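Please open the structure in a viewer and keep the sequence panel visible. The tour below goes from stop to stop, saying what to select and what is there.

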Amino acid sequence: FHKCLGKCLNRNQVHMEVHIIGGYLDQDRTSEETTSHILNILAKAAKTCRSKLEMKLKTCVVTGLNDCATYEDNVSNAPIIRGLALDISSGQVHLFNKVHEICAGPAKTLRRVRLWAPALQNNFLLEVHTWEKEEICVEPFEYAPFPDIELFLQLPDDTLLQYSSTSPECEADDFCDIMRITCTFVKDIPVSDVFGKDRKRIVYHSKKRILNS
């Protein structure tokens with residue numbers, strides 16, 4: 001966000017529309033903390049850059065406003081909307097719940113595997129695509145099978161959910177299938193087979209896979 005904002009502020013005036021949707025009334029109040037963090041960042045950016053930046057919060061459907069239990073009786077807490085989509089030709093924003101297979105991009109499983117990388121590699125937001133380049137880049141990272149991964153893969157869905165999700169009560173129907181595919185990749189495919197011995201990044205451009213240094 002800060003990198004993008006810095007580039008935009010090189011212009012005379014920036015008009016920014018902000019749309020925030022997500023989270024729900026989870027027991028740990030993680031959604032509430034995340035929402036507060038995002039709004040604080042936006043408020044600081046608006047104050048710091050007010051001479052050049054006009055920011056409008058156009059959509060804000062978060063925590064309780066995005067929880068099924070807020071509007072219906074006898075239902076569990078779960079998010080109503082899980083994301084947004086931007087039509088780059090018109091600039092219009094639409095509600096969005098599931099990524100179509102055509103739009104998922106390359107190396108889906110490899111990108112999910114990164115979530116299993118050691119914590120020190122995972123303390124920042126991974127940027128795989130920018131508006132400046134028509135390419136998706138996967139930077140090299142380390143991963144390895146964790147202890148008892150074979151046992152983990154054999155767990156029934158309800159148990160697997162409890163061990164692998166922070167919100168097991170409201171995951172999508174294909175969550176466990178995707179989790180098993182991801183962990184099987186971790187188990188069967190060594191890092192060197194993906195990024196090479198020199199750990200080169202992978203760039204996907206115009207349906208071509210290129211191994212870069």
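The stops run from the whole chain to a helix pair, then to salt bridges, cysteines and single residues.

**Whole chain**

Start with everything shown as a cartoon, and keep in mind that this is a predicted model. Colouring by secondary structure should bring up eight helices and seven strands. The protein has 213 residues, and 30% of them are buried. Among contacts with a separation of 6 or more, 59% are between residues 24 or more positions apart.

**Helices α6 and α7**

Select residues 157-164, which form helix α6, and residues 175-188, which form helix α7. How do the two helices lie relative to each other? Their axes come within 10 Å and cross at roughly 70°. Angles of 65 to 115 degrees count as roughly perpendicular, and α6 and α7 are therefore roughly perpendicular to each other.

Now show side chains at the contact. On the α6 side, pick Asp157, Leu160, Leu161 and Ser164. On the α7 side, pick Phe175, Cys176, Met179 and Arg180. By type, the residues of this contact of α6 with α7 comprise five nonpolar, one polar and two charged.

**Salt bridges**

Side chains of opposite charge can pair when their charged atoms come close. How many salt bridges does a search of the whole structure find? The search finds six; the next selections visit some of them.

Select arginine 29 and glutamate 32. Their side chains form a salt bridge with an N to O distance of 2.7 Å. Both ends are partly exposed: glutamate 32 has a relative accessible area of 37%, and arginine 29 has one of 48%.

Move to arginine 201 and glutamate 139, whose side chains meet in a salt bridge at 3.6 Å, N to O. Arginine 201 sits in the loop between α8 (191-195) and β6 (202-205), and glutamate 139 in the loop between β5 (136-138) and α5 (149-153), so this pair links parts of the chain 62 residues apart in sequence. Arginine 201 is partly exposed at 26% relative accessibility. Glutamate 139 is also partly exposed, at 37%.

Next, select glutamate 150 and lysine 187. The closest N and O atoms of this salt bridge are 3.7 Å apart. Glutamate 150 belongs to helix α5 and lysine 187 to helix α7, so the bridge ties together parts that are 37 residues apart in sequence. Add Asp188 to the selection: salt bridges with shared partners join Glu150, Lys187 and Asp188 into one network. Glutamate 150 is partly exposed, with a relative accessible area of 44%. Lysine 187 is partly exposed too, with 27%.

**Cysteines**

Select cysteine 176 and cysteine 183. Are these residues buried or exposed? Cysteine 176 is buried, with a relative accessible area of 6%. Cysteine 183 is buried as well, at 0%. Cys176 has already appeared in the contact between α6 and α7. The count of disulfides in the structure is zero.

**Lysine 58**

Go to strand β2 (residues 53-62) and pick lysine 58. At 48% relative accessibility, lysine 58 is partly exposed. Which residues does lysine 58 contact, leaving aside neighbours within four places in sequence? They are Glu17, Val18 and His19. To see the approach of the two chain segments, place a distance label between the C-alpha atoms of lysine 58 and methionine 16: the separation is 9.7 Å, for residues 42 apart along the chain.

**Two residues with positive phi**

Most residues other than glycine have a negative phi. The last stop covers two residues with a positive value.

Select asparagine 74, in the loop between α3 (68-71) and β3 (83-86). Phi of asparagine 74 is near 60°. Asparagine 74 is exposed, with a relative accessibility of 84%.

Finish with arginine 199, in the loop between α8 and β6. Arginine 199 has a positive phi of about 55° although it is not a glycine. With 29% relative accessibility, arginine 199 counts as partly exposed. Arginine 201, from the salt bridge with glutamate 139, lies in the loop between α8 and β6 too.

How values were computed: Residues numbered from 1 in each chain as written. Predicted model: local features only at pLDDT ≥ 70, side-chain atom pairs only at ≥ 80, totals over all residues. Heavy atoms only, no water. Axes fitted to C-alpha atoms, helices over the stretch in contact; angles between N-to-C directions. Helix = DSSP H or I, 4+ residues; strand = E, 2+ residues; numbered from the N terminus. Parallel < 35°, antiparallel > 145°, perpendicular 65-115°, else oblique. Contact = heavy atoms within 4.5 Å. Nonpolar A, V, L, I, M, F, W, Y, C, P; charged D, E, K, R; others polar. Salt bridge = Lys/Arg side-chain N within 4 Å of Asp/Glu carboxyl O. Buried < 20%, exposed > 50% of the residue type's maximum accessible area, 1.4 Å probe, protein only. Disulfide = S-S within 2.5 Å.
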